[in-house]
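User: I am new to this structure and would like to be guided through its cysteines and one of its sheets. Please show it before we begin.

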Amino acid sequence: MVHRNRDPKLHPFERAREYTKAVVATKLEKIFAKPFIGALDGHTDGVYCCTSIRSKNIPFISGACDGEVKVWDLSRRTCAWSAMAHAGFVRGLAPDSKGNTFYSCGEDKMIKQWALEPPKNMEIEPINSIIAPHALTSIDHHWNDNQFATSGDAVCIWDPTRAEPLHTHKWGADSVLSVKFNPAEACLLASTGTDRGVCLYDLRASQPMRKFMLAMRSNMVAWNPREPNYFILANEDHNVYQFDMRNLNTALKIHKDHVGAVMSVAYSPIGREFATGSYDRTIRLFRTTEGRSREIYHTKRMQKVFSVCYSSDAKYVLSGSDDTNIRIW
């Protein structure tokens, strides 16, 4: 048997050695971790927007800068079908509340409704087309009702059976960049504008509820699906701001680490963390309670990240970037 003297006086650097070993083990774990699972290749231009279906895990939808929309089968990593949906950028994609159809919008002022699984051996055509009064920048569907909202020169609320918007909201911004419905209080929605403002709306009221300003403009807004009072803003100043809608005077938390404008944010369906995509060509994962990112995803060929999205089971992150690829992490 080997007898060791455990007297701490004889081992003055024991704690330092253990600390060094722990740091080295953590670094090695990070080095050998391989978060990148695969890529969905097929687009011929940068992938500007993407979305998963809230109630289904397999289908995934992406829209590119050349106007092409693709529906993917994630289990096989193949393209189920594709169509040239718009003339110019596809600016937004939104599945309906039942998960059977989805909407796309673009710079050509068109809103188109598509069947997720179109009839086989037939040319793929939209179910419904609506001409908007202005170029569109984003779209989001109501979580319960058969309504959707678009942003552009103003925030418009639409019914798919009507050619004119039900409501039009405008509050000072030259252009509205993004719009999102609250998942719990479904009549609430938030928007970000080019005037650096963030607006909150209630569909039951004729006027917008609140508006506040930030130092720089916000590119996207996302609501927490588990704590619906909280929302986050992807900002041009490289930070992500988390706000509580009950107190808009100060940010609840400022999430830092990006070194370029944050273009996209997406909450995990669990609501405990979110993913961000940035102009600095990286994807970062943040916990909602921490100001610094817990993970950073990047590959050598990845360019500016325009869109990020969680799979509906919260196990994977999907990203669309300027290099025409969709990556699964």
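User: How many disulfides does the structure hold?

Analyst: A disulfide is a pair of cysteine sulfur atoms within 2.5 Å. This is a predicted model, in which local features need pLDDT of at least 70 and side-chain atom pairs count only at pLDDT 80 or more, while totals for chains, interfaces and linings use all residues. Residues are numbered from 1 along each chain as its sequence is written, and side-chain values use heavy atoms, leaving out hydrogens and water. The number of disulfides in the structure is 0.

User: Which cysteine has the sulfur nearest to that of Cys-199, and is Cys-199 buried or exposed?

Analyst: Cys-199 is in no disulfide, and the nearest cysteine sulfur, 14 Å away, belongs to Cys-156. Buried means under 20% relative accessible area, exposed over 50%, and partly exposed in between (1.4 Å probe, protein chains only). With a relative accessible area of 4%, Cys-199 is buried.

User: Why is there no bond between the sulfurs of Cys-309 and Cys-50?

Analyst: Cys-309 is buried, at a relative accessible area of 7%. Its closest cysteine sulfur is in Cys-50, but the two are too far apart for a bond because the distance is 4.9 Å.

User: In what order do the 4 strands of the open sheet lie?

Analyst: Strands (E, at least two residues) are DSSP runs, numbered from the N terminus, and two strands pair if DSSP finds at least two bridges between them. The pairing in this open sheet is antiparallel. Strand S22 (262–267) and strand S25 (295–297) are the edge strands, each pairing on one side only. The order is S22-S23-S24-S25.

User: Which residue in S25 stands opposite Leu-285?

Analyst: Strand S24 (residues 283–287) and S25 run antiparallel and are joined by 3 bridges. The residue of S25 opposite Leu-285 is Glu-295.
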